[in-house]
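Colleague: I would like a close look at a single part of this chain, the open sheet and what packs on it. Could you take me through the pairing of its strands, and then set that part within the chain as a whole?

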Amino acid sequence: MKRTWNTLSQQSNGLYVVADFERAAYRLVTEQVLYAADARSRSAYHLVEAYLEDFAGALDPLGIRLERNAHHRYVVALPKHGEGTPVRLDETLLLLVLRQRYDEGMKQGLVEDQGEVAVELPDLQEAWPALTGRPMPEVGSLRALVASARRWGVCRLVEGEADALQPFHLMVRPAIVEIVGEQWLHRLDQHNLGDGEEDTVDAEPADEEDDHAAA
């Protein structure tokens, strides 16, 4: 770490205090992705963006590297080593399917604001068994899976209107490209999909918060 939080606070002429830097660093570790488009993470994103090298230096001893996507305005914290954290099989399958749908949406030019790709439930119902050989979870279970996947900053759930034909749809977020890398896509063919198995993801889980604006 080249400069301490106290030094940076003093150099900001009162714009930031030490606690601002500490909170932003903690959020990077726990939430993994900070999007400028999200109201709940916008301030932290701008702070990290302004002092990117300092945050990178602070997290480097933890084995975490930072990647900034200037086009889609997000910063993602990635572990340097590949051990990852345990992830249930159904969570693994969701991440893989969403990454495949994101890539397909990119190819078709279906990218919306902030680099997101919309995935409707009928599309997901068709893609899930085609890609995994298993039926898609029931809607209630899918909601729970999406809430869990929120910790990686890879998707958010958008509720449908009261009279809509589908209760919700998913928005796959651009950081999924860094978090679910190319090697993950190969697991769709290589993974033994036996019941009760676990997989691991190269990501750090985030603490759940009451504010679900991003999911």
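Modeller: Arg-65 has Leu-78 as its bridge partner in S3, and I start from this pair with the reminder that what you see is a predicted model. The two strands concerned, S2 and strand S3 (residues 74–79), pair in the antiparallel sense, and six bridges hold the pairing in the assignment. Between these strands the hairpin has four residues, and in this hairpin Arg-73 takes a positive phi near 60°.

The hairpin belongs to an open sheet of three strands, whose order is S1-S3-S2 and whose pairing is antiparallel. Its edges are strand S1 (33–35) and strand S2 (64–69), each of which pairs on one side only. On average, neighbouring strands of this sheet are turned by 15° against each other when direction is ignored.

Two helices belong in the picture of this part. Helix H3, which covers residues 42–50, lies across S1, S2 and S3, and it runs at about 105° to S1. Helix H4 (residues 52–59) also packs on the sheet, where it touches S2 and S3, and the direction of H4 makes about 155° with that of S2.

Further along the chain comes helix H5 (residues 89–107), for which a simple check of length is possible: with 19 residues at 1.5 Å a residue, H5 should span 27 Å, and because its end C-alpha atoms are 27 Å apart, the expected and modelled lengths agree. Just after H5, a positive phi of about 70° is found at Gly-109.

To set this part within the whole, the secondary structure of the chain comes to nine helices and eight strands. The chain has 215 residues, of which 47% count as buried, and it exposes about 10900 Å², with carbon and sulfur atoms supplying 48% of that area. If one takes the contacts between residues at least 6 apart in sequence, 66% of them join residues at least 24 apart.

Notes:
Residues are numbered from 1 along each chain as its sequence is written. This is a predicted model: local features need pLDDT of at least 70, side-chain atom pairs count only at pLDDT 80 or more; totals for chains, interfaces and linings use all residues. Side-chain values use heavy atoms; hydrogens and water are left out. Buried means under 20% relative accessible area, exposed over 50%, partly exposed in between (1.4 Å probe, protein chains only). Contact means heavy atoms within 4.5 Å. Accessible areas come from the Shrake-Rupley method with a 1.4 Å probe; for residues, only the protein chains shown count as cover. Two strands pair if DSSP finds at least two bridges between them. Axes are lines fitted to C-alpha atoms, for helices over the stretch in contact, and angles run from 0 to 180 degrees between N-to-C directions. The expected span of a helix is 1.5 Å times one less than its number of residues.
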